Each structure stands twice: as C-alpha cells, then as structure tokens.
Amino acid sequence: MPEAYTFYRLATAGWANRLLRDTVPLLEGKLSDGIILDLSSLEFVDTFGITYLAACFHKVTSNVRGFVRPPRKREVNDYLLDVGLYEAIGIGDRFRPRKPSHDRVDLIHINELEPLFIDHLLDFLEQMQPFEEGLRPSMRMALLELIQNFAEHSGSEVGAWVSGQFHPQRNRITLCVLDLGRGIPNALRTVSKYRRYRDTRLVELATEEGITSVPETSRGLGLSTIKRFVRTNGGVLRLMTGEAQVTFPPDRRPEQKALEMPFPGTVAFLSLVPTKRGLFVLE
Amino acid sequence: MKRIEIKKELGSDIVTREHGEKLRRLVEEGWEADSVTVDFDGLQVNSVSFFDEAFGQLALLYGEEELRRKVRFEGLDKFDQALVSDIIGSRSREARKRAMSSREARRRAANS
C-alpha cells in the first residue's frame, strides 16, 4: 500500500518549520510501495513553498511511484496547475490544466547554469510589472550567482528549482532558488577554521565579502553582492540552510532563527520592490 | 595593442567562471602589449563570477592601477561597467589587505 503524507494548509516561508517537519522524514524514508502526496488541505503556497514542494516531489518520485491528492480548494489547484507543478514533477497528464486562471508566477527546473531560463523568467515578470532602471540586470546578476553557487557547491542530485512571482497588491517580486544539496554550513565547514561555528553564524559569514568554501581560490563575492543589491532595493534576502534561517532586512541587523528541522539544502528567497531603481553598484 | 572580441572568442552566453578564466588567459597573453582592448559588443553579462574570474583576479595579481592602465573596455553596458568597477575595487581592497598582513607578518618575524 502506498504511504500517504498529508501536508499542512500553508506551504510558505513563514511556515517553513512546519513544512520541513512534514517533508524531511519523507525525503529520508524508504518507500517501496509508492507514496501519496496529500495536498488536499493546502490553502496557500508562496514561491518558497512551490519550489520546495517541487524539489521534494521530484526527489521522492525519482525512486518510487508518486500519487497526488490535489488541493480541495479549486483556486489552489488551479494555481499549482498554472505554475506547472504537476508537469514539473512528471504527473501532468493526470491533471490536465484548463485555461490558466492567472499568470503571475513561474517555476523552472534546472540542472546547470542556463541564462536563457533566467531571461525567460525575467521577461515573464516584466510583463506583469515594468522594472525600474537597473533592476533587471541586478535581478539577472542575483539569479545567475545563486544558480552558479548551486552548480558549483551544492552537489544537489535533483538540480535546482527557481521560481518568481509578482504580487501586485504588495508591489513586490519574490524570487526563490532552491536546491537539495549539502547546504552552506556544511560547505563552509570543509574549511577547518569554520568547523566549530554554528549554522546561523556560518550563513551570516557566507554573505560577507571574500568568505568562501574554496579558500585556495579568491572567490566569495557573489552572496555579498546579492545582499548589497537587495538591501539597496529596500528588499529582503532570506537564506535557509542546515539549521539556520537568516533574514537580511534592508535597514536592520540580520535576524537569525534556528530551524526545528535542518533544511536539507539551500534556499535563497528574495523579496524585491519592482518600482525601485536597481543600479545598486552605482550607489 | 591586442584586441579581444568576446563574441568571437567566447560566444554570446558568457556567465560562468570558466568563461571568465578563458578571458583572463587571453588578456594575460597580451599583457606585454601596450594595451588590451576587450570588446563586449553590447553583450549583457551581469555575472559576478565571470567578471571576478576575468578582471577581479587580474586586479589581485597586478593591482587596480596597472589593470586600468592596461585594459580598455568597449561595448560594456552601464550596469556591467559599474559591476566590473565594483569587483575590481573589492579585489584591490583585498590585495591591499593581503599586502598589509604579509608586511605585518614579516615585521613580527623580524622583531622576534
């Protein structure tokens, strides 16, 4: 008999602990008879939730047969269809989409750094809301860097998942890049001087200039540049990896939070103001 | 004078460190010439990794002043120009810090 996993009604960055509690055992478990992913209670999903669900399903169903119990709420199911979640995890035929009901979100699965995908995602978002000067190249820079980090350091078996969404009511764009690799703390701990640091400290360190897990090379500019861009934009950068969730608000010190369940990989979550000038490197 | 046409040498999708490393080697091959012109021909690069591997590492090695004297950029858009300057600036600060700490280490060794 396939084992059923029931998901909580909120799959969002704010409810990451709950989502991880539901899914980490699923990722680590041995499921020989297949699995039923029960999304029937799902009521709200954000870009973090959608990318995480996609990566989880992809990983689990690469070993065993997966079945999905779709959300009871029709608009939530429509949302998952429009985003392309079912298609992305290879069960699209069972839930043929009707005409998409909205078009403000996109989900991409990648295995290597492919600029065309990023351009496609940015075109898509720019159709929803024209960007201020410099924002598009800044966002492109951030996505390229996050994906390059995934490709170089994560060792993720299921590739990376990228999503972007425009929220008209809040005038925000959210971008999420997620992998199920070894995570930032584990990567940095390969350097002996960082071995004893806590996960939250390591995540903060990773966003400082020149900090890298490959010290014999001169690297470590990517995350610090992204952090500067997001802050100049008045946006928020959140990194979730290992036991750490660290949020970098634009005008305050970083907020650290320990996750109840270690995140098996890395999530970078950016919330940006599309109508704010984005040429941060000229500031 | 050496001229490097990026599209011809590396193609249009230049975003990775590997591409940056190839460009750095091409620039270094022409280092003995009076100047090296790198022509981006309107390409949008937007990649920290690429620019860092190409020009950030040159700034570490030769210093900002020599790099700026030697290398000329053509066809870089406004954002990429600013990004390159930002990266060269970061790596130059790093080079100065390294030089200071190695001077300090030598001074300590001499005193002991």
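1. A good place to start is chain A, which splits into domain 1, covering 3-91, and domain 2, covering 105-282. Keep in mind as you look around that this is a predicted model.

2. How far apart are the centres of the two domains of chain A? Taken over C-alpha atoms, the distance is 23 Å. Where they touch, domain 1 of chain A puts in 22 residues and domain 2 of chain A puts in 23.

3. Have a look at the side of domain 1 of chain A that faces this contact. Four helices of chain A each bring at least two residues to it: α1 (16-28), α2 (47-61), α3 (74-83) and α4 (85-88). Which of them gives the most? That would be α2(A), with nine residues. By character, this side of domain 1 of chain A has 13 nonpolar residues, along with five polar and four charged ones.

4. Now over to chain B, where helix α2 (residues 17-29) packs against helix α3 (residues 48-62). Their axes lie 6 Å apart, at an angle of about 30°. Since angles under 35 degrees count as roughly parallel, α2(B) is therefore roughly parallel to α3(B). The two helices, α2(B) and α3(B), make a right-handed crossing.

5. If you want to find this helix contact in the viewer, try the residues from α2(B), among them His19(B), Leu23(B) and Val27(B). From α3(B), the partners include Phe50(B), Phe51(B), Ala54(B) and Leu58(B). Overall, the contact of α2(B) with α3(B) is a mix: six residues are nonpolar, four polar and five charged.

Key: Residues are numbered from 1 along each chain as its sequence is written. Chains are lettered from A and ligands numbered from 1 in the order in which they are written. This is a predicted model: local features need pLDDT of at least 70, side-chain atom pairs count only at pLDDT 80 or more; totals for chains, interfaces and linings use all residues. Domain bounds come from an automatic or database domain assignment. Two residues are in contact if their C-beta atoms, placed from the backbone, lie within 7 Å. Ala, Val, Leu, Ile, Met, Phe, Trp, Tyr, Cys and Pro count as nonpolar, Asp, Glu, Lys and Arg as charged, and the others, Gly among them, as polar. Axes are lines fitted to C-alpha atoms, for helices over the stretch in contact, and angles run from 0 to 180 degrees between N-to-C directions. Angles under 35 degrees count as roughly parallel, over 145 as roughly antiparallel, 65 to 115 as roughly perpendicular and the rest as oblique. A crossing is left-handed if the near helix is turned anticlockwise from the far one by less than a right angle, and right-handed if clockwise.
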